[in-house]
Structure formats: structure tokens, C-alpha cells
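Here are my notes on the model, set out as numbered points. They take up burial and charge pairing, then strand pairing and the nonpolar cores.

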Amino acid sequence: VGSMVVFEGGMPAKKDYRRFRIKTVEGVDDFASLQEVLHRRYERGLKEQNDEKSHFAKLPDLLIIDGGKGQLSSVCEVLAEMGVSVNIISLAKQFEEIYIPEHSEPIVLPHSAPALQLLQQIRDEAHRFAITFHRELRGKSQVHSELLDIPGLGEKRRKLLLDVFGSVSAIKEASLDRLQAVQGLPKATAKAVYEYFHAENNDQ
């Protein structure tokens with residue numbers, strides 16, 4: 001996943017935060033993932049320039065990348081291909097070094113510098129936002145995997161049950177009559193769901 005946080009006047013503008021599922025990258029590839037997120041963000045932003053309601057239409061004065069020289073170079077490559085000109089820096093976590101394009105040596109600010117502390121706050125907020133999103137997706141995946149083992153319960157019926165009951169734990173606790181009362185769920189499937197979650201009790 002990728003995350004975009006926005007700060008205005010040194011403060012979080014949470015209404016403009018956005019989360020991205022990585023679509024084109026297989027495996028762990030930080031550079032390619034950054035390139036995808038930035039391409040999608042700017043492609044939409046440029047497309048919606050005249051849309052006052054768009055959260056992407058307002059382009060940043062300063063773009064901050066989480067990473068070092070390599071991450072910065074990969075993002076600059078994508079922006080150049082798109083014809084985008086923007087002030088851009090990256091913040092490398094290990095030594096909190098700031099990199100700017102076309103400069104090999106980083107800028108090193110004192111740890112007490114307010115500017116560095118603001119950059120760290122932005123970086124840490126982006127991490128928090130991305131981690132929260134990743135946990136949500138992982139949790140949903142685990143929920144769906146538990147329901148995948150039930151015979152006759154395809155994607156639409158899994159969604160139907162989750163919409164009706166709200167959670168897997170509620171589905172587990174539902175009676176057979178309650179499951180069979182769900183419109184759109186065949187009685188045989190409802191019985192299979194009930195028996196799947198109560199098989200252990202039936203064996204005792």
C-alpha cells in the first residue's frame with residue numbers, strides 16, 4: 001500500500017489524506033511502488049485541475065518522499081516523464097538526511113531544528129496512515145479466507161452474509177433459522193455455513 005498525507009501551514013489537512021492499493025507491482029519493490037503512487041496522484045490531479053471538489057486538483061508546493069537518494073531519483077524520473085515541475089525532497093530515516101534533486105550530498109539539519117522536526121512529523125504521519133490501511137486490508141483478507149472454506153459460499157454470498165450480519169463472529173453465532181432467513185442465500189448454503197461453524201459442537 002501507499003499513503004499520501006497533506007500538511008498546510010504546518011498542520012495536518014486530514015480531509016486531503018489518500019490511501020493507495022499498489023496495483024502494478026509484484027512483490028516488495030519500494031521504488032516501483034513510489035513511482036506508481038506518484039504517477040496516479042499527478043495523473044488524476046492534472047486531469048481534475050478544473051474540478052473544485054477534487055482533493056487531487058490542488059498540487060503541492062513541496063513534495064516530500066519517504067526515503068533516500070534512490071527513492072528520490074525514481075520519483076523524479078516519473079515526474080519528468082509526465083512533464084511535472086515541483087519542489088521535491090526526500091527524507092532518509094537512518095540519519096534523517098534530506099536529499100534534493102541533482103545534489104549528491106544530503107542536507108543535514110540539527111535534530112533540534114524545527115524544520116527537521118516538521119519533516120519528521122510528516123514522515124511519521126505517512127507511516128501511521130499507511131500501516132493502518134495495511135492492517136485493515138490484512139484483516140479483511142483473513143476474514144474472507146475463513147469464509148472461503150465453506151462449500152457453496154462464493155464471493156457474492158460471502159458479501160451478502162457480511163452485509164447482513166456485519167462480521168464473521170456474528171455469522172458464527174447465528175442460528176440455523178436466522179441464516180436460512182437471509183434473502184438470496186439458498187437454504188442448503190445456509191445449512192452448510194451453520195454446520196461449518198458448529199461442526200465441533202456436533203461432534204461432542
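1. A residue is called buried under 20% relative accessible area, exposed over 50%, and partly exposed in between. The model is predicted, and the burial classes below are to be read with that in mind. By this cut-off R40, at 24% relative accessibility, counts as partly exposed. E36, at 8%, falls under the limit and therefore counts as buried.

2. R40 and E36 are also partners: their side chains meet in a salt bridge, with 2.7 Å from N to O. Both residues belong to helix α1 and sit four residues apart, about one turn of the helix. Side chains of opposite charge can pair when their charged atoms come close. In this pair the acidic residue E36 is the buried one, while R40 is partly exposed.

3. Another salt bridge joins the side chains of R44 and E48, at 2.9 Å from N to O. R44 has a relative accessible area of 42% and is therefore partly exposed. E48, at 18% relative accessibility, counts as buried, because the limit for that class is under 20%.

4. In helix α3 (residues 114-148), E125 and R128 lie three residues apart, about one turn of the helix. They form a salt bridge whose closest N and O atoms are 3.0 Å apart. E125 is buried, at 12% relative accessibility, and R128 is partly exposed, at 38%.

5. How many salt bridges does a search of the whole structure find? The search finds nine. Besides the pairs described above, E96, R123 and D124 are linked in a network of salt bridges. E96 comes up again in the next point, as a residue of a turn.

6. Strands β6 and β7 form a hairpin with four residues between them, and E96 in the turn has a positive phi of about 55 degrees. The pairing of β6 with β7 (residues 97-99) is antiparallel and runs over three bridges. Within it, L91 stands opposite I98 in β7.

7. β6 also pairs with β5, here in the parallel sense and over five bridges. L63 stands opposite I88 in β6. Together with α2, these two strands make a right-handed β-α-β unit. Five of the six residues of β6 are buried, so this strand is largely enclosed by the rest of the structure.

8. The largest nonpolar core has 17 residues, and L38, Y42, L63, I65, V75, L79 and I88 touch the most other members. At least two residues each come from α1 (30-47), β5 (62-66), α2 (69-82) and β6 (87-92). α1 gives the most, with four residues. The facing residues L63 and I88 are thus both among the members with the most contacts in this core.

9. Which residues does L79 touch, not counting those up to four places away in sequence? They are Y42, L63, V84, V86 and I88. Of these, Y42, L63 and I88 are also listed with L79 among the core members that touch the most others.

10. A second core, separate from the one above, has 16 residues, among them L162, I171, L179 and V193. A description of the model should mention both this core of 16 residues and the core of 17.

How values were computed:
Residues are numbered from 1 along each chain as its sequence is written. This is a predicted model: local features need pLDDT of at least 70, side-chain atom pairs count only at pLDDT 80 or more; totals for chains, interfaces and linings use all residues. Side-chain values use heavy atoms; hydrogens and water are left out. A nonpolar core is a set of buried Ala, Val, Leu, Ile, Met, Phe, Trp, Tyr and Cys residues joined through side-chain atoms within 4.5 Å. Buried means under 20% relative accessible area, exposed over 50%, partly exposed in between (1.4 Å probe, protein chains only). Contact means heavy atoms within 4.5 Å. A salt bridge is a side-chain nitrogen of Lys or Arg within 4 Å of a carboxyl oxygen of Asp or Glu. Two strands pair if DSSP finds at least two bridges between them. A crossover is right-handed if, with the strands pointing away from the viewer, the path from the first strand over the helix to the second runs clockwise.
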